[in-house]
Amino acid sequence: MNFIISPICLENCMLSSSSVYRRQLFVLRSLGVYCCRIHMEGGLAMRTGLSNLGDDAVGIIRKITPKLDPSHHKGQAGKIAVIGGCREYTGAPYFAAVSALKIGADLSHVFCTKDAAAVIKSYSPELIVHPVLEESYNVRDDERASVSAKVLGEVMKWMERFDCIVIGPGLGRDPFLLSCVGNIMAQAREAKIPTVIDGDGLFLVTDNLDLVKGNSLAILTPNVNEYKRLVEKVLHCEVHDQDTSDELASLARSIGGVTILRKGKTDLISDGSSVNEVSIFGSPRRCGGQGDILSGSVAVFSAWARLYPSANKDASSTQSSLNPMVLGSISGSALLRKAASLAFEKKRRSTLTEDIIECLGMRYLIFIIQFYLSTCP
Ligand SMILES: NC(=O)C1=CN([C@@H]2O[C@H](COP(=O)(O)OP(=O)(O)OC[C@H]3O[C@@H](n4cnc5c(N)ncnc54)[C@H](OP(=O)(O)O)[C@@H]3O)[C@@H](O)[C@H]2O)[C@@H](O)CC1
Ligand SMILES: Nc1ncnc2c1ncn2[C@@H]1O[C@H](COP(=O)(O)OP(=O)(O)OP(=O)(O)O)[C@@H](O)[C@H]1O
Ligand SMILES: [Mg+2]
């Protein structure tokens, strides 16, 4: 069922003339407009392979988001790990990991190099930071095998607990570090843990396709450059702007049914059998780090879609037949774009990634309005 709120409806619900109610009405009116906008602008168009879902991206988010249940214990809403963060890049893993928490995951870990760890910890006490990755400059040739085994061992201590792993934000391209991360990816795959691959993680898999080939729990989130490199490597051709859906589906099939979220003016998502487009209005600001928020968001929603399949029980049959990795990608994309648009409304040209992260929680206002409506006579 679609969720549409009109200010008129809200007005009927609140007949009181007290100033508190008037203020609430004002806020809810604004939010009512905001919710309608999500629905109306919020195009989730099914391009090929599927007929219209009869629902939109916001509907999917609502269906896969678990209830806040007092009987749940810490961890049940999701434990996410980000593998990334090196001397150059500390912002990217922070953005991904903290976005996962802001959306509703209980715990968020970061596995990064020693140089990056203290910096990332200083950004937030909420993150659990493991300084375990090593770059070539820090490792002698004769130590490589033992250091590589040690890195894997450190990550494996935690691996089974994670509901989703994000590989790549701010990872850098050091060959030794990437070879260690390749080993981690292989273990995550064996443990059947969903894995979102972004940034330098995509650089790694583009040159080592076997790391993801045939892994239906892998989600690749390429930007324009990363997508171009993948197409050239896998399809042996240039990117065709004319038949984007067919090309994307073909790319996903050629990598054995992984899910690919192609970022751009509109986001396209495919696992090879369907292609979905999320065109909710985002932001004209292109500050770095928005892709990192997206990777953390997709991780949480994919974990939820997989952990809480019962949340889809009342979904239409077409929608519930969508792979959880696709549902997670659609949700992450829709939320990030809406948050970016809200942040831009407030901060305009000075919008930064942190401002967008602050708006991720605005989604919950939708549920507040729903609560008001459901309690009105
Ligand atoms: N604060 C942090 O710590 C952040 C760290 N990050 C981390 O950085 C690492 C490398 O990731 P990346 O995205 O910068 O590398 P890549 O894809 O090679 O792009 C490089 C160049 O490509 C171009 N370009 C980009 N888009 C384009 C387009 N649409 N159309 C055309 N050209 C386009 C543009 O080139 P320019 O315009 O400067 O010539 C751009 O500068 C990775 O680990 C990532 O996680 C980021 O997450 C940001 C926040
Ligand atoms: N031209 C655009 N117009 C509107 N939204 C866009 C545009 N390009 C990208 N986006 C949105 O921004 C999000 C991040 O995409 P982007 O291409 O910036 O990723 P990225 O380059 O990996 O970012 P990062 O700087 O974090 O590495 C995507 O989900 C997409 O919806
Ligand atoms: Mg990126």
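The following questions and answers concern a predicted model of a protein with two ligands.

Me: How many helices and how many strands are there in the protein?
Reply: The protein has 377 residues, and 47% of them are buried. Of the contacts with a separation of 6 or more, 72% join residues 24 or more positions apart. The elements of the protein number 15 helices and 10 strands.

Me: Which element gives the largest share of the shell around ligand 1?
Reply: The shell around ligand 1 holds 17 residues, and the closest are G91, A92, G199, V224 and G288. Two or more residues come from each of α4 (91-103), α9 (224-234) and α11 (290-307). The largest share is 3 residues, and the element that gives it is α9.

Me: How many residues of the shell around ligand 1 are charged?
Reply: The shell divides into three classes, with 5 nonpolar and 9 polar residues in two of them. Glycine counts as polar, so G91, G199 and G288 belong to the polar class. The number of charged residues in this shell is 3.

Me: Which element gives the most residues to the shell around ligand 2?
Reply: Around ligand 2 there are 17 residues, of which N223, K263, G282, G288 and G291 come nearest. The elements that give two or more residues to this shell are α11 and α13. With 4 residues, the element that gives the most is α11.

Me: How many charged residues does the shell around ligand 2 have?
Reply: K263 is among the residues that come nearest to ligand 2, and lysine counts as charged. The other classes in this shell are 2 nonpolar and 9 polar residues. The charged residues in the shell around ligand 2 number 6.

Me: Is V224 buried or exposed?
Reply: V224 is one of the positions where UniProt, in an unreviewed entry, places the feature "binding site". The place of V224 is in helix α9. A residue with 12 or fewer other C-beta atoms within 10 Å is exposed. V224 has 11 such atoms, and therefore it counts as exposed.

Me: Why does R229 count as partly exposed?
Reply: R229 also lies in helix α9, and UniProt includes R229 in the feature "binding site" of the unreviewed entry. Partly exposed residues fall between the limit of 12 or fewer neighbours for exposed and that of 20 or more for buried. R229 counts as partly exposed because its C-beta neighbours inside 10 Å number 15.

Me: How many of the residues of helix α8 are buried?
Reply: Helix α8 spans residues 200-207 and is mostly covered. Its buried residues are D200, G201, L202, L204, V205 and T206. They pack against β5 (164-167), α7 (175-190), β6 (195-197), β7 (218-220) and α9. Of the 8 residues of α8, the number buried is 6.

Me: At roughly what angle do the axes of helix α3 and helix α13 cross?
Reply: Two packed helices are described by the angle between their axes and the distance between the axes. Helix α3 covers residues 57-64 and helix α13 residues 324-347, and their axes come within 9 Å. The crossing is left-handed. The angle is roughly 115°.

Me: How many residues of the contact of α3 with α13 are nonpolar?
Reply: From α3 the contact takes A57, V58, I60, I61 and I64, and from α13 it takes L327, I330, S331, A334 and L335. Serine is not listed among the nonpolar or charged types, so S331 counts as polar. The contact has 1 polar residue and no charged ones, and its nonpolar residues number 9.

Me: With which residues is S136 in contact, leaving aside its neighbours within four places in sequence?
Reply: S136 lies in the loop between β4 (128-133) and α6 (144-159). It is partly exposed, with 13 other C-beta atoms within 10 Å. Beyond its neighbours within four places, S136 is in contact with D174, P175 and F176.

Me: What is the phi of K192 near?
Reply: Most residues other than glycine have a negative phi. K192 has a positive phi and is not a glycine. K192 is found in the loop between α7 and β6, and it counts as exposed with 11 C-beta neighbours inside 10 Å. The phi of K192 is near 55°.

Technical notes:
Residues numbered from 1 in each chain as written. Chains lettered and ligands numbered in written order. Predicted model: local features only at pLDDT ≥ 70, side-chain atom pairs only at ≥ 80, totals over all residues. Near = placed C-beta within 6 Å. Contact = placed C-beta atoms within 7 Å. Axes fitted to C-alpha atoms, helices over the stretch in contact; angles between N-to-C directions. Left-handed = near helix turned anticlockwise from the far one by under 90°. UniProt positions renumbered as here; feature names shortened; annotations may be inferred.
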